Amino acid sequence: MVVLTTAVSAVPSQPPSGAASRPHVRAPELVGDAWWNTGGRPLTLAGLRGKIVLLDFWTSGCINCLHVLDELRPLEAEFADVLVTVGVHSPKFAHEGDRESVAAAVARYGVEHPVVSDPDMSLWQQYAVKAWPTLVLIDPEGYVVHVAAGEGHGDALRRVIQELVSLHEGKGTLRRGPLDWTEAACVAAESAASTGADGLRFPAKAVVTAEGRILVADTANHSVAEFASDAETLLRRFGDGRRGAVDGAFDVARFAEPSGLTLLPTHIADEVGYHLLVADTANHLLRGVDLRTGAVRTVAGTGRQWRDGDDSGAALEVDLTSPWDVRWWDVAGGVVVAMAGNHTLGLFDPIRGTISRFAGTTVEGLRDGPVDEAFFAQTSGLAVAGERLWLVDAETSALRYVERDPGSADEDTPRFVVGTAVGHDLFTFGHRDGSAAEALLQHPLGATVLPDGAVAVADTYNGAVRRFDPATGEMTTLRRGLAEPSGLVVTDSGVLVVESAAHRLRPLADGGGDEAATARGETMAGDELAVRRPPTVLAPGQVRLSVTFVPPPGEKLDDRYGPSTRLEISASPPELLVEGGGVGTELERTITLAEGVESGVLQVVAQAASCASDVEHPVCRITRQDWGVPVRLDPDGARGLPLVMAGTPSE
C-alpha cells in the first residue's frame with residue numbers, strides 16, 4: 001500500500017538537466033534501532049562514501065513494498081560493484097515496529113541487502129518521506145539526487161544510476177568493488193531464520209483434501225507441502241524448493257512465495273486435468289497441480305505484473321498482480337482470486353480458461369456497494385459460506401463479504417454487492433472485541449467458516465484467532481499468543497492454524513479438538529492502536545493538490561495520443577470532499593474540503609505515460625501511484641497538498 005503522511009516539505013521541482021545534475025540536498029545520516037545483513041554493525045554514509053546508495057523505505061505488510069523488493073534484485077546484481085541498497089523499515093502497524101517482526105520479514109522475503117529498523121520513524125521524517133514505498137538515491141558524495149515513490153521505477157532507476165556512474169567515474173569520486181562487511185551472515189533472529197520441525201518455512205495457507213490430507217503453501221520454501229491427516233507426517237512436496245517459475249513434474253517445478261490454495265470440485269478437476277489451484281504470489285501466476293501425477297502447470301498469468309489496462313481475457317494472456325488467495329465459489333461460477341497487488345477480486349474460469357475483474361476499482365480503501373464501485377485494500381484471505389463470500393482486507397484491518405444483490409434475484413445474470421462486517425478505514429486498527437461497530441482487527445490475512453457458521457479470522461498482527469458471529473454481530477477472541485497466524489483450515493479433528501512466523505501448523509484447541517472453534521471465546525476490551533505518524537493537517541475549504549512527475553533521463557511525457565497524465569481523487573468518508581473529486585487529465589487540481597468534518601482519508605491515484613526521447617520506435621511505460629492520505633482538518637492547516645511520483649530534490 002502507498003500512504004502519504006504528515007505535513008509535507010517542499011516537493012522535488014523540475015531539475016535543470018536530469019537527475020545526475022548538480023547535487024542539491026545533503027543526505028541525513030543513517031540511524032536506527034537494529035541492523036540486519038551487516039554483521040550487526042550500523043552503516044554510516046561516511047563509510048559508504050564513493051558508493052551510490054539506494055534507500056528503500058518499506059514496511060513488511062505493504063504489497064507495493066514487496067513488489068519493489070523484486071524490482072530491485074536485478075538492479076542490485078547489475079550494479080553490484082557500485083550500488084549499496086539499504087532497506088529502511090518504517091512501520092505502519094504497531095506489530096511491524098517490533099524487532100522480531102522485522103527480523104521475520106527479512107527472512108521471509110529473502111532480503112539480502114542491509115536493513116535498518118526505523119520504529120520511531122526518525123529516518124522517515126529526516127528524509128521527508130511521505131509514502132510506502134519510497135526510493136531515495138544518494139550519490140557517491142553524499143547528496144540526495146533522486147526520489148521516487150511507489151513501484152515500477154526499475155528502468156528509471158537504472159538510467160539515473162548509469163548517469164551517476166558516468167558522472168562520478170569522470171570526477172574520480174566513484175568507488176568500485178565489494179564492501180568489507182564484518183560478517184557476511186544475516187543477523188536476523190534465530191527463530192525467524194529457522195524452519196519448523198516438519199520443514200515448513202513461513203507457511204501461508206492450507207486446505208484439506210477429501211481423503212483428509214493437508215496441503216500447505218510453504219511460502220519461503222517456494223513449494224506446496226502435502227501432509228497426512230495428522231498434520232505432521234510429510235508425504236511429498238510440489239516444487240523443488242528453489243524460487244522460480246517452472247512447470248513440470250513435482251520434483252522439478254518451481255514456485256515463488258506461493259500463498260493461497262483451493263481445491264476444484266471433482267467434475268471440474270476431471271475436465272481440466274488438475275485438482276489444486278495455487279496462488280503463486282511473487283510470480284504473479286495461478287498454477288494448477290494434478291494431485292495424482294504431481295504435475296504442475298501454469299493456468300493463468302503471463303509472469304508479468306499488471307500495471308495498467310485490461311485485466312480480463314484469456315487467462316494465459318492477462319497480467320496478474322500478487323494473487324494472494326483463491327477460493328472456488330459456486331455462486332460466482334468459478335474461482336475468486338484475491339488480487340492483492342491492485343486491490344481487486346478476479347474471477348478465474350478453469351473450463352473456459354478465462355479471467356476477469358470480479359470486484360474492485362484498483363483504488364485502495366474501504367467502500368461498500370456494487371462490486372464494480374467497491375474499494376478493497378490488499379485482500380489476503382477468502383472463505384465461502386454458501387451464498388456469501390467472506391474476505392479479509394489486510395490494509396483496512398477489515399472483515400468483509402460479497403453476496404448477491406437482492407434486487408437481482410430474478411435476473412439471469414446475478415449482480416453482486418460488497419459489505420463490511422468489521423473495519424473502518426486504512427488507519428483504524430487494534431485488538432478489541434464486542435459489537436461489529438466497535439470491534440478492531442490488525443492486518444488480518446486469513447479466514448475460514450467454522451462448523452457453527454461463525455467466521456474465524458487469522459488476526460495476523462495481533463497474533464490471535466478471532467471469531468465473528470454473523471447472527472449476533474459480535475466478535476470475540478478464540479486464541480492469543482500466536483506468531484503471525486496467516487491461515488485457518490477446518491479438519492475432521494478440529495481447526496488448524498497456519499502459524500506462519502512459528503513455521504508450523506497448530507491446533508486451535510489445546511487438546512486438538514474443536515471445542516474452541518465452537519465456543520464463543522473471550523471478550524477483550526482492547527484499545528485502538530495509533531498509526532505511528534500524525535495525519536496531514538489541511539485547512540477546510542479550498543486546497544490545491546498537485547502531483548509532480550519528472551520523467552527519468554532520456555524520456556519525455558507521451559502525448560502522441562492525447563493527454564499523458566491522469567488524476568483521480570475520492571475520499572473516505574465521502575462527505576470529506578465537497579468538490580474536486582473524480583477523474584481528470586491534469587496533475588494539479590483545486591479541491592474543497594468540508595467544514596465540520598474532523599478527519600478522513602483522501603484517496604489519490606495519479607498516472608503518467610512517458611517514452612524514450614528522439615527514438616523512432618520508443619519504448620514507453622506508464623507510472624502509476626496510489627496514495628491514501630490521512631488528513632485532519634484545522635483552520636490553521638495547509639492550503640496545499642503536494643505529492644510526488646518521481647523527481648529530484650529542489651535546491
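**Exercise 1. Is E226 buried or exposed, and what is its relative accessible area?** Work this out in the predicted model, and then describe the salt bridge that E226 forms.

*Solution.* Begin with the accessibility: E226 has a relative accessible area of 2%, and because buried means under 20%, E226 counts as buried. Next, look for the partner, which is R236, with the closest N and O atoms of this salt bridge 2.3 Å apart. Then place both residues in the secondary structure: E226 belongs to strand β10 (residues 223–227) and R236 to strand β11 (residues 234–238), so the pair ties together parts that are 10 residues apart in sequence. Finally, check the partner, since R236, at 23% relative accessibility, counts as partly exposed.

**Exercise 2. Set the salt bridge of R176 with E169 beside that of D280 with R287, and describe the burial of each residue.**

*Solution.* Start with R176 and E169, whose closest N and O atoms are 2.7 Å apart. R176 has 43% relative accessibility and counts as partly exposed, and E169, at 43%, is likewise partly exposed. Turn next to D280 and R287, whose side chains meet in a salt bridge with an N to O distance of 2.7 Å. Here D280 is buried at 0% relative accessibility, and R287 is buried as well, with a relative accessible area of 0%. As a further step, look for salt bridges that share partners, which join D70, R73, R243 and E257 into one network. To close, a search of the whole structure gives 42 salt bridges.

**Exercise 3. How many cavities of 30 Å³ or more does the structure hold, and which residues and elements line the largest cavity?**

*Solution.* The structure holds six cavities of 30 Å³ or more, and the volume of the largest cavity is about 330 Å³. This largest cavity is lined by 28 residues, of which R108, Y109, W324, L445 and S500 are the closest to its centre. Moving from residues to elements, α1 (63–78) and α2 (99–108) are the ones that give two or more residues to the lining, and α2 gives the most, with three residues. When the lining is sorted by class, 12 residues are nonpolar, 12 are polar and four are charged.

**Exercise 4. Why can strand β39 be called largely enclosed by the rest of the structure, and which strands pair with β39?**

*Solution.* The first part rests on burial: strand β39 covers residues 565–572, and six of its eight residues are buried, so the strand is largely enclosed by the rest of the structure. For the second part, take the pairings in turn. With strand β43 (residues 599–612), β39 pairs in the antiparallel sense over eight bridges, and within this pairing S570 has Q603 of β43 as its bridge partner. With strand β41 (residues 582–584), β39 is joined by three bridges, and these two strands also run antiparallel; in this case E568 has V583 of β41 as its bridge partner.

**Exercise 5. How many disulfides does a search of the whole structure find, and are C62 and C65 buried or exposed?**

*Solution.* The search of the whole structure finds zero disulfides. For the two cysteines, apply the cut-off for buried, which is under 20% relative accessible area. C62 has 1% relative accessibility and therefore counts as buried, while C65, with a relative accessible area of 0%, is buried too.

Definitions and conventions. Residues are numbered from 1 along each chain as its sequence is written. This is a predicted model: local features need pLDDT of at least 70, side-chain atom pairs count only at pLDDT 80 or more; totals for chains, interfaces and linings use all residues. Side-chain values use heavy atoms; hydrogens and water are left out. A salt bridge is a side-chain nitrogen of Lys or Arg within 4 Å of a carboxyl oxygen of Asp or Glu. Buried means under 20% relative accessible area, exposed over 50%, partly exposed in between (1.4 Å probe, protein chains only). Helices (H or I, at least four residues) and strands (E, at least two) are DSSP runs, numbered from the N terminus. On a 1 Å grid over the protein atoms alone, a cavity is a set of points where a 1.4 Å probe fits but cannot get out, and a pocket is an open set with protein on both sides within 12 Å along at least five of seven lines; lining residues have an atom within 4 Å of a point. Grid points are joined across faces, edges and corners, and a volume is the space filled by probe spheres set on the points. Ala, Val, Leu, Ile, Met, Phe, Trp, Tyr, Cys and Pro count as nonpolar, Asp, Glu, Lys and Arg as charged, and the others, Gly among them, as polar. Two strands pair if DSSP finds at least two bridges between them. A disulfide is a pair of cysteine sulfur atoms within 2.5 Å.
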